[in-house]
Each structure stands twice: as structure tokens, then as C-alpha cells.
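Hi everyone, thanks for making time for this. I'd like to walk you through one model today, so please have a look at the screen before I start.

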Amino acid sequence: MSREGGKEVVCVTGASGYVASWLVKLLLHRGYTVKATVRNLSDPSKTEHLKALEGAEERLELFEADLLQEGSFDSIIHDCVGVFHTASPVTLVTTNPQADLIDPAVKGTLNVLKSCCEAKSVRRVVLTSSIVAVAYNRKAIGADVVVDETCHSDLALCQENKEWYNLSKTLAEQAAWNFANENGIDLVVMNPGLVLGPILQPTLNFTSQLVVDIIKGKLAVPFYQCVDVRDVAHAHIMGFEKSSASGRYILAGEPLTHLQLMQLLHKLNPSIVDASTSVEENPIGKVSKKKAESLGVSFMSMEVSLKDTVESLKEKKFLNFERCNN
Ligand SMILES: NC(=O)c1ccc[n+]([C@@H]2O[C@H](COP(=O)([O-])OP(=O)(O)OC[C@H]3O[C@@H](n4cnc5c(N)ncnc54)[C@H](OP(=O)(O)O)[C@@H]3O)[C@@H](O)[C@H]2O)c1
């Protein structure tokens with residue numbers, strides 16, 4: 001049974017981000033009142049695209065909050081029925097992983113969950129984790145293994161390979177489950193793959209920059225487990241609304257090798273993408289979609305998602321086809 005999204009009040013943390021902006025858009029479209037947190041209210045690049053969303057004038061409230069400031073979310077969450085915690089630093093470049101990634105991810109998640117605990121109004125929390133908290137282990141790398149929601153990334157392997165972002169997401173999700181279990185919070189976790197699709201915000205987020213680099217032939221990865229940002233946002237809402245939702249949900253469309261991805265891009269834009277660009281093909285990972293599909297999420301084809309990604313990046317002037325192969 002699903003609860004209809006009426007005029008209920010929900011909070012989205014890190015609302016100016018790539019994924020969260022789409023989530024805010026879909027929540028407003030569904031009739032929710034959204035309390036959106038950003039780090040800096042006086043930076044128009046973090047707020048104007050949210051204010052321009054349909055329904056924002058009537059039902060969007062913006063607040064300033066920082067993950068590392070204890071109690072920062074208390075007064076914002078106090079009357080919310082749902083909290084979507086998406087805020088977390090996303091980067092692979094750091095000289096201080098503890099301060100740049102791990103503290104905001106882990107302490108930030110606990111701060112938000114503590115505020116949820118204090119607010120007696122919160123029915124459910126939906127946390128944006130990542131596939132990097134699921135599949136980064138020795139078992140998951142290989143052709144015979146199907147990665148599903150029972151898999152967990154290996155903390156020692158993250159440390160050994162200095163995969164600090166993976167470590168931050170794995171630790172944050174673990175901390176969230178422990179806190180939720182100890183404090184009786186109804187927690188649902190989303191674990192998306194690499195997110196593709198149109199961007200709403202005016203600046204490039206870290207992973208969209210990676211996508212630009214891939215399109216320009218500057219970056220190649222053995223295989224991609226991608227998902228469209230609109231499917232990710234929809235899955236978050238289903239995870240909140242469906243009373244039967246529980247546990248974790250891997251969000252990933254069909255896997256693509258680098259060659260397959262480049263061929264798709266080439267088909268979409270023959271003039272700019274070199275389809276012969278390739279890397280050594282590794283066995284492609286198999287990821288189970290069953291649980292996400294049980295939420296009512298059907299994944300968009302990668303061709304449509306890539307087409308919309310390229311169009312959006314072009315429109316926002318992050319891709320200039322004349323210079324793409326330079
Ligand atoms: N993009 C992907 O491929 C992908 C895949 C799987 C999971 N995810 C997860 O999805 C979530 C959103 O990622 P995204 O790709 O949308 O990245 P994004 O655009 O960089 O959004 C991240 C958001 O977190 C906020 N944030 C970072 N540090 C903060 C702090 N100390 N206090 C308050 N807010 C803080 C950022 O605020 P500022 O704007 O002020 O910096 C930003 O709004 C993250 O949890 C990420 O791990 C992303």
C-alpha cells in the first residue's frame with residue numbers, strides 16, 4: 001500500500017546538488033512542501049535553479065545547514081514527516097580524506113539522524129548511499145558474481161586502495177544503519193550507480209564532470225553501472241511512500257563496457273565522439289535490479305539517458321562539440 005503524497009512536509013538535505021535538485025523537483029511536482037537545506041543561502045548558483053522550479057514559490061522553503069555543525073538540522077526537521085538525506089561530499093580528489101570526506105559523510109549523517117530522532121514527526125528517513133558502499137569488495141569483482149543488496153564494500157580494501165570516497169559512503173551507511181536500529185528509526189537506503197541525465201543546477205557537479213571527460217575521451221573506465229538521475233529521484237520518493245519499502249535498494253540500469261558506451265555516444269553524435277576509443281575490457285559486473293523494480297522503478301534505457309545527458313551538457317555550454325576531441 002502506498003501513501004499518497006499530499007501536502008506533507010519533507011526535508012531534503014544538500015538540495016542544491018545534482019541528485020537532490022531532481023528530487024526537490026519531483027517532490028514539488030507530487031504536491032509535497034519541501035524544506036530544502038543548502039550550505040550557503042547567499043550563493044545564487046545554489047538556490048536560483050531551485051527557486052525556479054514549478055511549485056517552488058508556494059511550497060519550497062530554503063534553509064542553511066552544515067553537516068558538520070551539530071544541531072544544524074534540528075529546527076528544520078522538527079515538523080517534517082520525511083527526510084531525504086542526500087548531502088555528502090562527492091569527490092575523488094583529496095589530500096585530507098578524514099576532513100574532506102569521512103567526517104562530513106559520517107558525522108553529518110549522524111547529525112541528521114539525531115535531528116530526525118528528536119523530531120517526533122519523522123515517519124521515515126531515506127538515505128542516499130551509493131553502489132560504492134555495496135560492490136567494492138574482492139568478491140564483487142568478477143564475472144560469476146551477481147551483486148545484490150546483501151553485498152557490502154570492504155572497508156580494508158577501500159583503505160588499502162585509498163578509495164576514500166568509497167570508504168566515506170560505506171562508513172556513513174554503516175553508521176546510519178547502526179543508529180537507526182538503536183533508535184527505532186525507519187530507514188530506507190538508496191545505492192545508485194554512476195548517475196547520468198540532465199542537470200538542473202548551473203554548475204558541474206563532480207560526477208557530471210567525469211561524464212564530460214568520458215565524452216571528450218579524456219577518461220575511460222572498464223565498465224559503467226549507470227542510472228538516470230530521474231530514476232534515482234523517483235526511487236527515493238517510492239522508498240519513502242511505499243510502506244512495504246525496507247532495507248537497501250541498488251539503483252542501476254543496464255551495465256555498459258567503455259566500448260559500448262562510446263559506441264552509443266558515437267551513434268548520438270558521430271562528429272564528436274571517437275567510437276574506437278577503448279580500454280582493456282574487464283568482465284562486466286552483474287547487478288541485481290530486482291529489488292528496485294519491486295519498488296515500482298523501471299530503469300530508463302542508457303541510450304535515452306545518454307542522449308538527454310549530452311543535450312543538457314550542450315545546452316548548459318559544458319560541451320562544445322567542435323572542441324570535444326581536443
Ligand atoms: N552522482 C553520482 O554519480 C552518485 C552516485 C551514487 C551516489 N551518489 C550520492 O548522491 C548524493 C548527492 O550527490 P551528487 O552527485 O548530487 O553530488 P553534488 O551535486 O556534489 O551534491 C552533494 C551535496 O552535498 C552537499 N554537501 C557537501 N558537504 C556538505 C556539508 N559539509 N554540509 C552540507 N552540505 C554538504 C553539497 O553542498 P554544496 O553545494 O554547498 O557543496 C551538495 O549540495 C551524495 O550522497 C552522493 O554520494 C551520487
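Let's begin in the loop between α6 (155–160) and α7, where K162 sits. This is a predicted model, so please keep that in mind throughout. What catches the eye at K162 is its phi: the angle is near 50°, a positive value, and the residue is not a glycine. As background, most residues other than glycine have a negative phi. Is K162 buried or exposed? K162 is exposed, with a relative accessible area of 57%.

There's another lysine of this kind further along. K317 also isn't a glycine, and its phi is positive, at about 70°. You'll find K317 in the segment after α12 (302–315). With a relative accessibility of 71%, K317 counts as exposed too.

Now let's go back to α7, and look at two of its residues. N166 lies in this helix, and N166 is buried, with a relative accessible area of 7%. Which residues does N166 contact, once we leave aside its neighbours within four places in sequence? The partners are V132, Y136 and C158.

A180 belongs to helix α7 as well. This alanine is buried, at a relative accessible area of 2%. If we don't count residues up to four places away in sequence, A180 touches I185 and L187. Here's a pairing that you might miss from the sequence: A180 and K114 are 66 residues apart along the chain, yet their C-alpha atoms are 9.5 Å apart in space.

Next stop, helix α2, which covers residues 44–51, with T47, H49 and L50 as its buried residues. Why do those three end up on the same side of α2? They cover an arc of only 165° around the axis, and that puts them on one and the same side. A general reminder fits here: an α-helix has 3.6 residues a turn, so residues three or four places apart point the same way.

And what do the buried residues of α2 pack against? Their packing partners are α1 (18–29), β2 (33–38), α3 (56–59) and β3 (60–64). To take one example, T47 is found in this helix and is buried, with a relative accessible area of 2%. Setting aside its neighbours within four places in sequence, T47 is in contact with V38, L41 and L62.

Finally, the part many of you have been waiting for: the ligand. How many residues surround the ligand? There are 26, and the closest are Y18, R39, T86, Y165 and K169. In terms of character, the shell divides into eleven nonpolar, eleven polar and four charged residues. As for where the shell comes from, α1, α7 (164–183) and β8 (194–196) each supply at least two of its residues.

Let's zoom in on some polar contacts. On the backbone side, a polar atom of V19 is 2.9 Å from an oxygen atom of the ligand. R39, which I listed among the closest residues, places a polar side-chain atom 2.7 Å from a ligand oxygen. K46 also has a polar side-chain atom by a ligand oxygen, at 2.9 Å. How much of the ligand does the protein bury? Taken alone, the ligand exposes 880 Å², and the protein buries 90% of that.

That's my tour, and I'm happy to go back to any of these spots on the screen.

How values were computed:
Residues numbered from 1 in each chain as written. Predicted model: local features only at pLDDT ≥ 70, side-chain atom pairs only at ≥ 80, totals over all residues. Heavy atoms only, no water. Buried < 20%, exposed > 50% of the residue type's maximum accessible area, 1.4 Å probe, protein only. Helix = DSSP H or I, 4+ residues; strand = E, 2+ residues; numbered from the N terminus. Arc of directions from axis to C-beta. Contact = heavy atoms within 4.5 Å. Near = heavy atom within 4 Å. Polar contact = N/O pair within 3.5 Å; in protein donor to acceptor, adjacent residues only side chain to side chain. Areas by Shrake-Rupley, 256 points an atom, 1.4 Å probe, with all protein chains shown as cover. Nonpolar A, V, L, I, M, F, W, Y, C, P; charged D, E, K, R; others polar.
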